[in-house]
Amino acid sequence: MLRIGLTGGIGAGKSTVSSTFSELGGIIVDGDVISREVVQPGTDGLARLVEAFGDGILLPDGALNRPALAAVAFGDEQKRQTLNGIVHPLVAHRRSELIERAALDEKNPVIVEDIPLLVESQMAPMFPLVIVVNADPELRVKRLIEYRGFTEDDARARIAAQATEEQRRAVADVWLDNSGSSGELVEKAKWLWHERILPFAHNVKVREPARRSPAVEAYDPTWAEQ
């Protein structure tokens, strides 16, 4: 089994890469999907959010009003930490359940863990391969307004609350730039899957070290830090 960490800032295009990997045979464990699942009506997660932030974060039918929660939590560091302290442990538990099931159901699965806050949660050391999808913040703001209905202030607040580009680069094994079209990003993801991920998964299965590239002749003293 090969576990890959996939992340990227909001509006960067991570979902496009995740969908492409799924079409190519990857088993996707989606942090966004799980985070919605653990706060459905009737769950302990939703009850704890209401206790922390009040019933103003609920829709008339009792479901979570996610934009209302974001407006309350993402503009205040302490409230954001409270939110993460409630949701993150629930998401981690559910993620572990899904991974265990995939390992039982599939032979040598490639599990792609789609985790929006992978860097912020300091989860990068869990994965032998971390893929970061990135785009310029101004382009991300434009996408969030155009495609997801954010106000400009909300978009900028969400971006500011997440990891910086420097922090993401520090943990990235693969950096996918999404400053172009979605079609270009899909092609980059396909190349990555066939040329790097599948060979990696094969080597893990047969317990064979990767062959060193002829271009890599000398030890790089910065490898440990990287």
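1. How are α1 and α9 oriented to each other? They are oblique, a class for angles outside the other three ranges: under 35 degrees is roughly parallel, over 145 roughly antiparallel, and 65 to 115 roughly perpendicular. The axes of α1 (residues 14-23) and α9 (residues 182-206) cross at roughly 50 degrees and come within 9 Å. Axes here are lines fitted to C-alpha atoms, for helices over the stretch in contact, with angles from 0 to 180 degrees between N-to-C directions. Helices (H or I, at least four residues) and strands (E, at least two) are DSSP runs, numbered from the N terminus.

2. On provenance: this is a predicted model, in which local features need pLDDT of at least 70, side-chain atom pairs count only at pLDDT 80 or more, and totals for chains, interfaces and linings use all residues. Residues are numbered from 1 along each chain as its sequence is written, and side-chain values use heavy atoms, with hydrogens and water left out.

3. Back to the first helix pair. The crossing of α1 past α9 is right-handed; that is, the near helix is turned clockwise from the far one by less than a right angle, where anticlockwise would be left-handed. From α1, the contact (heavy atoms within 4.5 Å) uses T16, V17, T20 and F21. From α9 it uses S182, L185, V186, A189, K190, L192, W193 and I197. By class, eight residues of this contact are nonpolar, three polar and one charged. Ala, Val, Leu, Ile, Met, Phe, Trp, Tyr, Cys and Pro count as nonpolar; Asp, Glu, Lys and Arg as charged; the others, Gly among them, as polar.

4. T20 belongs to helix α1. T20 is buried, at a relative accessible area of 4%. The cut-offs are under 20% for buried, over 50% for exposed and partly exposed in between, with a 1.4 Å probe and protein chains only. Setting aside neighbours within four places in sequence, T20 touches V186, A189 and K190.

5. The structure has one aromatic pair. The partners are F21 and W193, in a tilted arrangement with 5.3 Å centre to centre and 35 degrees between the planes. For reference, rings of Phe, Tyr and Trp (its six-membered ring) pair if their centres lie within 6.5 Å; planes under 30 degrees apart are stacked, over 60 edge-to-face, and the rest tilted. F21 sits in α1 and W193 in α9, 172 residues apart, so the pair links distant parts of the chain. Both F21 and W193 are buried.

6. Next, α5 and its neighbours. Helix α4 (residues 66-73) packs on helix α5 (residues 77-105) at about 130 degrees, with the axes 8 Å apart. This pair, α4 and α5, is also oblique. L69, V72 and A73 of α4 meet K79, R80 and L83 of α5. That contact of α4 with α5 has four nonpolar, no polar and two charged residues.

7. The axes of α3 and α5 cross at roughly 170 degrees and come within 10 Å. That makes α3 roughly antiparallel to α5. On the α3 side, the contact residues are G45, R48, L49, A52 and F53. On the α5 side, they are K79, T82, L83, G85, I86, V87 and L90. The split for α3 with α5 is seven nonpolar, three polar and two charged.

8. N84 lies in helix α5. Its relative accessibility is 17%, so N84 counts as buried. Residues up to four places away in sequence aside, N84 touches P89 and L117.

9. V39 is in the loop between α2 (31-37) and α3 (44-53). With 5% relative accessibility, V39 counts as buried. Not counting residues up to four places away in sequence, V39 touches G45, L46, L49, L64, R66 and V87. The C-alpha atoms of V39 and L90 are 9.1 Å apart, with their positions 51 residues apart along the chain.

10. Two backbone angles deserve a look. Most residues other than glycine have a negative phi. Q122, not a glycine, has a positive phi near 55 degrees. Q122 is in the loop between β3 (110-114) and β4 (129-134) and, at 69% relative accessibility, counts as exposed. R207 also has a positive phi, about 55 degrees, without being a glycine. R207 is in the segment after α9 and is exposed, with a relative accessible area of 76%.
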